Amino acid sequence: MVLYKLEDFEPSYQESFDGHDIKGLGVYTQGTDEKVGTVSDVLVDEEGHFRYLVVDLGFWIFGKKVLLPIGRARIDYNIDRVYTIGLTREQAEDLPEFDERQTLDYDYEERVRGVYRQPTDYNNLPVEAATPLDPLAGLDPLGAPVAALGTTPTYARDSYTYENEPALYGLNEQDHQTLRLYEERLIASKRRQKTGEVTIGKRVETDTARVAVPVERERVVIERVTPADAGTAVSGREADFREGEVARIEIHEETPEIRKEAFLREEVRVRKVVDQDTVETQETVRREELDVNSGNLPIEER
């Protein structure tokens, strides 16, 4: 049976306990409210079940850490305390010191269990009703061996399970323990992040535009014609010979004048639209289920 530190088994274990941290809670004797130490760690099995509280007995026995089976503890989160059930100073002195550098094997745990075991822990029947056997008197309602009067049970190394000793490892109503079953669920949220940037600007391009402009040019046309009375003699008074007579005609032409004029061609409007989409994702979630070992006894669940 391999045991793990709670934090190594589940780093986010505090989330399962509504933010509570069992480590650091004070440990007190039940009934006398005498402080015996502080919880320094928790040991769980391969399925995550609490098996031991590691208690630093600095208030009782300086510098010694011991294991407290979870069945001998009552955790009260309302006042942040852990109460021990039936732990005495003599038992604490007899408990083997816990050293996390050493391997927790069956022999070590047997030494721990041997200090906590009491015959009354295993006799759920009245003493006079038990039929002594050697060394067991039968099975209790949970299927655990019942010690005969004045004896403690023995177990086989290869077949031992924590369920054999509910007095040490069981969570029971008598000690006001509440077993909470937790499950994980997926919480969907959205995170807005920048995926890119669009830059919109203007640039100037040049082109060659052509335009046709009709223009007028004046020119002189000289026409020589023969009058109808050509060859007819005229008098000396009519014949007026003058030297240097000149006729002047102004000549004009049109030339195109080109100018540029700016005008509004179009408007460009930039806006963003939001597209809706649904993204499906999956993750493995865990759920705790209740295991009830009742033997042949009827059980009613409410």
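Which residues is Val82 in contact with, leaving aside its neighbours within four places in sequence? Keep that question in mind as you open this structure, which is a predicted model, and select Val82 to begin. Around Val82 you will find Leu25, Gly26, Val27, Tyr28, Val39, Leu53, Ala73, Arg74 and Ile75, with each of which Val82 is in contact once those sequence neighbours are set aside.

Next, widen the selection to the largest nonpolar core, which has 42 residues, and in which Ile22, Leu43, Tyr52, Leu53, Leu67 and Val82 touch the most other members. At least two residues of this core come from each of β3, β4 (50–56), β5 (65–69), β6, α4 (106–116) and α6. In soluble globular proteins, nonpolar side chains tend to be buried together.

From the core, move to strand β2, residues 26–29, where Gly26 and Tyr28 point one way while Val27 and Thr29 point the other way, and where all of these residues are buried. Now add strand β3, residues 35–44, which pairs with β2 in the antiparallel sense over 3 bridges; Val27 has Gly37 as its bridge partner in β3. The two strands form a hairpin with 5 residues between them, and if you select Gly31 in the turn you will be looking at a residue with a positive phi of about 100°.

Then show β7 beside β2, since these two strands run parallel and are joined by 4 bridges, and pick out Thr84 in β7, which is the bridge partner of Thr29.

Staying with the strands, select β4 and β5 together, which run antiparallel and are joined by 5 bridges, and look for Val55 standing opposite Val66 in β5. Strand β5 is largely enclosed by the rest of the structure, because 4 of its 5 residues are buried.

For the next stop, go to the loop between β6 (73–76) and β7 (81–84), where Asp80 is found. Asp80 is a residue other than glycine with a positive phi, near 55°, and its relative accessible area of 42% makes it partly exposed.

Finally, turn to the surface and select Val198, Ile200, Val268 and Val270, which form a nonpolar patch with about 440 Å² of accessible area together. Where within the chain does Val268 lie? Val268 is found in the segment after α6 (166–169), and it counts as exposed because its relative accessibility is 66%, where exposed means over 50%.

Definitions and conventions. Residues numbered from 1 in each chain as written. Predicted model: local features only at pLDDT ≥ 70, side-chain atom pairs only at ≥ 80, totals over all residues. Heavy atoms only, no water. Patch = residues over 30% accessible without salt bridge, like charges linked within 9 Å, V, L, I, M, F, W, Y side chains within 5 Å. Areas by Shrake-Rupley, 256 points an atom, 1.4 Å probe, with all protein chains shown as cover. Salt bridge = Lys/Arg side-chain N within 4 Å of Asp/Glu carboxyl O. Buried < 20%, exposed > 50% of the residue type's maximum accessible area, 1.4 Å probe, protein only. Pairing = 2+ DSSP bridges. Core = buried A, V, L, I, M, F, W, Y, C linked by side-chain atoms within 4.5 Å. Contact = heavy atoms within 4.5 Å.
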